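This report describes the ligand surroundings and the nonpolar core of the structure shown below.

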Amino acid sequence: MQRVRLTYEAVFLSALAVLSCFAGVTSGAQSSLDVLDRSDLEEGQKLFRVHCARCHGMKGQGGEGANLNRPRLKHVTDDETLIQILSSGIPGTGMPGTRGPGEKGLLQIAGYVRSLGRLPREIPPGDAARGRVIYATKGGCPACHIVNGSGTGIGPELSDVGQRRGLEYLKESLLAPGANQPSRQGIAAYLAVRLKTGAGLIEGMRVNEDAFSIQIRDLDGTIHSFDKREIEELEKVFGHSLMPAYRIVLAEEELADVVSYLMSLKGES
Ligand code: HEC
Ligand code: HEC
């Protein structure tokens, strides 16, 4: 780790040296990202598409990985930690370290990610207060989601979903559930399964699975464990979500209100 840091410092120093030669800049308070120019950021964008977009979306809007179009990221305190995260990942999460692009490439990606945080804020399309009511009543969302401690945790917790996800992602979650399925360590976290045993048919979400057994959470939130030998049929429905599509249930305006409510959920209750 220390060695990586040192090499970044070396890159930083040489970049600074080059800059002060050509542009006469002498400020010492710069980060290694401040010296990147436009073509570096363009290169960073290309590398981002290759190495990061499959989890963070083509424009960093989020998917399996976090939405990066935000001025403040949870794990990032400064440019240094950003570079560190890109090279080493975030232990205990689905965020892997990336070595492929090399040191220069990582700096370019980091510069591009930083520029994403400076895009204008997304404007909620509807009314969050109305959306909150629709969420709890007509939408029936608390049957499957927890917000600030209330609801049932069949789907992902939404208390900070407005922090983690961008506008487009949230819209898509309601119109086409299953299009962006969250995953843990590359394994679909909310895989819908149907299985048949001597006792009958059960549909739910896979909680855990190994070679001998599978655990499933049914729609009431109850967890069932099955020995694989007792299962007659096991169907895993990749890309299918237990979450209903809301295009018909909710009018366009109501959808916009619910999306605005979700955008307002930032993790502080
Ligand atoms: C295999 C999927 C995956 C890949 C590939 C990936 N990430 Fe991530 N990334 C994640 C996940 C998941 C998180 C959220 C970690 C958490 O907070 O639980 C994350 C978090 C982050 C964060 C911190 C966000 C925050 O809110 O603090 C940054 C920055 C980031 N990724 C940038 C990148 C960049 C840049 C690349 C490409 C070099 C990349 N990631 C590649 C999955 C991925
Ligand atoms: C029958 C259970 C169920 C209901 C009802 C339900 N959801 Fe979901 N929801 C899920 C599941 C499961 C997922 C996980 C991804 C998937 O399978 O599509 C999910 C995913 C999501 C996501 C994406 C979260 C993320 O971090 O990626 C959002 C946002 C969401 N739901 C919002 C809602 C809203 C708003 C409502 C009500 C209008 C609702 N859900 C109703 C089960 C449900």
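Which helix gives the most to the shell around ligand 1? Helix 3 does, with three residues. The model is a predicted one, and the sections below take each ligand in turn.

## Iron site of ligand 1

The iron atom of ligand 1 has two protein donors, NE2 of His56 and SD of Met95, at 2.0 to 2.1 Å. Six donor atoms surround the iron atom, and because the angles they subtend run from 86 to 179°, the arrangement is octahedral. Histidine 56 belongs to helix 3 (residues 53-56), whereas methionine 95 sits in the loop between helix 4 (79-88) and helix 5 (102-116); the pair therefore ties together parts 39 residues apart in sequence.

The two donor residues may also be described by accessibility. Histidine 56 has a relative accessible area of 11% and is buried. Methionine 95, at 21%, is partly exposed, since the buried class ends under 20%.

## Shell around ligand 1

Ligand 1 is surrounded by 23 residues, the closest being Cys52, Cys55, His56, His75 and Met95. At least two shell residues come from each of helix 2 (38-51), helix 3, helix 4 and helix 5. By class, the shell comprises 12 nonpolar, seven polar and four charged residues.

Several polar approaches to ligand 1 are present. A polar side-chain atom of histidine 56 is 2.7 Å from a nitrogen atom of the ligand. Arginine 70 places a side-chain N or O atom 2.9 Å from an oxygen atom of ligand 1, while histidine 75 has a backbone N or O atom 2.6 Å from an oxygen atom of ligand 1.

## Nonpolar core

The largest nonpolar core contains 20 residues, and Leu33, Phe48, Leu86 and Ile109 have the most contacts inside it. Helix 2, helix 4 and helix 5 each contribute at least two residues to this core. Helix 5 provides the largest share, seven residues. These three helices also each supply at least two residues of the shell around ligand 1.

## Shell around ligand 2

Around ligand 2 there are 28 residues, of which Cys141, Cys144, His145, Tyr169 and Met243 are the closest. Helix 8 (167-175) and helix 9 (252-263) each supply at least two of the shell residues, and helix 8 accounts for the largest share, four residues. The shell divides into 18 nonpolar, eight polar and two charged residues.

Histidine 145 has a polar side-chain atom 2.8 Å from a nitrogen atom of ligand 2. Oxygen atoms of ligand 2 are approached by side-chain N or O atoms of arginine 165, at 3.2 Å, and of tyrosine 169, at 2.6 Å.

Definitions and conventions. Residues numbered from 1 in each chain as written. Chains lettered and ligands numbered in written order. Predicted model: local features only at pLDDT ≥ 70, side-chain atom pairs only at ≥ 80, totals over all residues. Heavy atoms only, no water. Donors = N, O, S within 2.8 Å, 3.2 Å for Na, K, Ca; no water. Tetrahedral: all angles 85-135°; square planar, octahedral: opposite > 155°, others 65-115°. Buried < 20%, exposed > 50% of the residue type's maximum accessible area, 1.4 Å probe, protein only. Near = heavy atom within 4 Å. Polar contact = N/O pair within 3.5 Å; in protein donor to acceptor, adjacent residues only side chain to side chain. Nonpolar A, V, L, I, M, F, W, Y, C, P; charged D, E, K, R; others polar. Core = buried A, V, L, I, M, F, W, Y, C linked by side-chain atoms within 4.5 Å.
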